[in-house]
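The following note is offered to a colleague who is about to examine the model. The points are numbered for ease of reference.

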Amino acid sequence: MMQSRTHTCDQLRVSDAGKTVTLVGWYDNMRQVSKNLGFLLLRDFYGVTQIVFETEEMMEAIAGVNKESTLLVEGIVRERSNKTDSMATGEIEVVPSRVEVLGKCIYNALPFEVRQSKSADENFRLKYRYLDLRNPEVKDKILLRSRIVAELRQRMNDLDFIEVTTPILTCSSPEGARDYLVPARNHPGKFYALPQAPQQFKQILMASGFDRYFQIAPCFRDEDARADRSPGEFYQLDMEMAFASQEDVFQIIETVLPPVFEKYGTYDRASGTPFTRIPYLESLEKYGTDKPDLRIDLIVNDVTEVFGKTEFGPFAGNSIKAVKTDGFTATRKEIDKMCADVEMETGNKAYWFRVDENGNYVGGISKFLTPIKEEVDAALGLQAGDFVGVTAGDKRAAQKTSGVLRRMLGMKAEGHFDKECYEFCWIVDFPMYEIGEESGEIEFCHNPFSMPQGAMKALETMEPLDILAYQYDLVCNGVELSSGAVRNHDPEIMVKAFNIVGLGEEDVKAKFPAMYNAFCYGAPPHAGIAPGVDRMVMLLAGEDSIREVIPFPMNKQAQDIMMGAPAAVEQKQLDDVHIQINLPKEEA
């Protein structure tokens with residue numbers, strides 16, 4: 001039976017004193033003073049209200065009821081003598097005349113205290129997610145997510161974007177990650193795939209005559225978890241614009257996102273528009289990453305020419321990078337811990353030395369650099385008190401390691417990390433192609449659907465590794481929020497672009513038949529982007545883990561341990577979809 005409530009648990013005020021009210025909610029906590037006096041907190045989605053039991057009869061009515069049971073409380077509102085501002089209803093309390101248990105919690109002991117659930121083991125929290133979500137601190141992150149999504153949707157509508165939902169069951173498409181496959185019962189041996197992104201559908205929409213598309217799109221990728229990436233599924237603000245350039249996309253994003261960050265962000269400062277633009281190769285050289293955190297003001301220096309003159313073995317024949325900072329007064333133990341953390345994250349060692357108050361090099365690799373001190377001083381502009389972190393290896397390894405070292409030093413050194421703000425930047429001018437680390441062959445660097453800068457002429461006349469693409473990433477506080485591109489809408493250019501990676505026209509037609517054919521009927525130039533909603537909410541909420549802002553996230557092993565997924569299925573279900581399980585034999 002549905003129970004009527006007159007108020008929620010955050011509504012009552014002193015002006016309601018004397019009213020008879022009905023409240024419903026969860027038994028949050030009880031402070032029992034005596035056998036005829038107790039104070040119960042009743043919690044619902046909106047807040048809490050104190051219920052005062054003042055008779056032995058009413059205390060007996062609540063005795064034996066476990067915390068987290070759901071209750072109906074009917075009673076009279078009165079002004080509290082000991083007011084508190086710790087809750088919105090802190091000036092009143094309700095004296096009950098009737099208490100009814102609506103939903104019994106049968107357990108005397110809870111897996112964890114609801115209000116302290118964030119201190120529990122993460123897998124435990126996810127197993128009992130329905131209890132975890134009762135924690136107001138956890139619930140508020142999901143409520144924040146709802147408000148942010150509504151705001152994004154409204155702002156896109158205001159800019160004349162049309163919301164279109166695209167299929168969930170589609171074909172497998174080579175987009176950089178593993179697909180989730182769905183067997184087709186009526187088509188034995190064939191499979192649907194869950195979309196890694198609505199990429200092809202939104203481009204086909206542009207070829208279909210739609211001008212501005214957007215969607216809060218679910219995407220499915222069989223990837224490993226990270227702090228800023230949830231395995232399995234995620235959501236993005238997917239958008240595409242016809243007859244548009246890179247500049248048009250930048251203008252839309254710089255119109256939509258800053259007000260949302262200003263309104264909902266944990267921090268009250270954000271970089272102004274236009275956002276800083278950094279070419280991809282420059283970002284790798286200056287920051288050691290294509291996801292730079294611009295709240296840190298440190299820069300990576302290439303010191304290969306100077307440091308390569310030393311007799312320090314790890315420098316020989318390698319690229320060498322250095323990060324200089326002042327204000328870093330760590331102990332030797334703390335420095336060793338930082339270097340170990342860098343190696344743990346990157347697989348490469350970090351080295352260091354200091355400049356003492358007399359200008360001499362001390363600690364770490366100082367003895368190898370002292371013989372060329374004048375050149376080192378000139379290369380880095382060193383002064384007394386400076387600390388220098390150094391990395392070495394092939395170019396990619398040295399850059400990556402220096403980027404991690406820069407981040408750690410920036411956060412530890414005094415005065416180099418402006419934490420409480422949002423710093424946006426665009427990473428632009430990605431290479432169209434790269435040499436694959438595993439294959440050793442030319443591969444697409446970023447997105448195979450991108451338009452090369454210079455179009456067909458570039459593909460025909462330039463070395464593949466020198467060709468840049470109209471590709472761009474949006475980065476905020478060291479987190480990649482989005483990738484986007486001006487699309488390759490010309491079938492001839494598309495075929496030529498794929499030829500360079502060893503695929504012919506028939507391969508293009510076979511892999512992307514609908515999109516290729518649609519473009520053959522006259523397609524507009526178009527461009528788009530897709531900021532990740534989960535990552536955006538994570539940043540706005542000030543959380544370090546993306547799982548804190550997803551209602552029902554998987555754990556790090558891509559398991560939904562609340563629902564028990566993935567799980568075995570009955571043989572009949574496998575037979576219906578013509579699937580035979582062939583598990584690898586266990587090693588002896």
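1. Phe-243 is exposed, as its relative accessible area of 63% lies over the 50% cut-off. The residue sits in the loop that connects β10 with α6. Its phi is positive, about 50 degrees, although Phe-243 is not a glycine. Please bear in mind throughout that this is a predicted model.

2. A second non-glycine residue with positive phi is Ala-455, where the angle is near 50 degrees. Ala-455 belongs to helix α13, which covers residues 455–461. With a relative accessible area of 26%, Ala-455 is classed as partly exposed.

3. Two cis peptide bonds deserve inspection. One runs from Thr-273 to Pro-274, with omega near -5 degrees; Pro-274 is located in the loop between α6 and β11. Another joins Ala-565 to Pro-566, with omega about 0 degrees, and Pro-566 is found in the loop between α17 and α18 (571–576).

4. How are the strands of the eight-stranded open sheet ordered? The order is β6-β9-β10-β22-β21-β20-β17-β11, and the pairing is mixed. The edges are formed by β6 (162–163) and β11 (276–279); each has a single partner strand, so one side of each lacks a neighbour in the sheet.

5. At the β6 edge, the partner is strand β9 (residues 212–221), and the two strands pair in the parallel sense over two bridges. Within this pairing, Glu-163 has Phe-214 of β9 as its bridge partner. In general terms, strands of a sheet pair through backbone hydrogen bonds, in either a parallel or an antiparallel manner.

6. Two helices may be considered together with the sheet. Helix α6 (residues 246–264) lies across β9, β10 (232–242), β11, β17 (424–428), β20 (471–476), β21 (479–486) and β22 (526–529), and makes an angle of about 15 degrees with β20. Helix α7 (residues 280–287) also packs on the sheet, where it touches β11 and β17. The direction of α7 is at about 90 degrees to that of β11.

7. Is helix α17 (residues 533–541) enclosed or open to the surroundings? Nine of its nine residues are buried, so the helix is largely enclosed by the rest of the structure. Among these buried residues are Asp-534 and Arg-535, together with Val-533, Met-536 and Leu-540. The buried residues of α17 pack against α4 (136–158), β9, β10, α6, β20 and β21. After the helix comes Gly-542, with a positive phi near 70 degrees.

8. The unreviewed UniProt entry places the feature "binding site" at Glu-175, Arg-221, His-446 and Arg-487. Of these annotated positions, Arg-221 is examined here; it is part of strand β9. Its relative accessibility of 21% makes Arg-221 partly exposed, because the buried class requires a value under 20%.

9. Which residues does Arg-221 contact, apart from neighbours within four places in sequence? They are Ala-177, Arg-178, Tyr-180, Gln-196, Ala-197, Pro-231, Gly-232 and Phe-234. For Gln-196, a specific atomic approach can be described: the side chain of Arg-221 reaches the backbone oxygen of Gln-196 at 3.0 Å.

Terms used:
Residues are numbered from 1 along each chain as its sequence is written. This is a predicted model: local features need pLDDT of at least 70, side-chain atom pairs count only at pLDDT 80 or more; totals for chains, interfaces and linings use all residues. Side-chain values use heavy atoms; hydrogens and water are left out. Two strands pair if DSSP finds at least two bridges between them. Helices (H or I, at least four residues) and strands (E, at least two) are DSSP runs, numbered from the N terminus. Contact means heavy atoms within 4.5 Å. Axes are lines fitted to C-alpha atoms, for helices over the stretch in contact, and angles run from 0 to 180 degrees between N-to-C directions. UniProt positions are given in the numbering used here, feature names are shortened, and annotations may be inferred rather than shown by experiment. Buried means under 20% relative accessible area, exposed over 50%, partly exposed in between (1.4 Å probe, protein chains only). A polar contact is a pair of N or O atoms within 3.5 Å; within protein, one must be able to donate a hydrogen and the other to accept it, and residues adjacent in sequence count only if both atoms are side-chain atoms.
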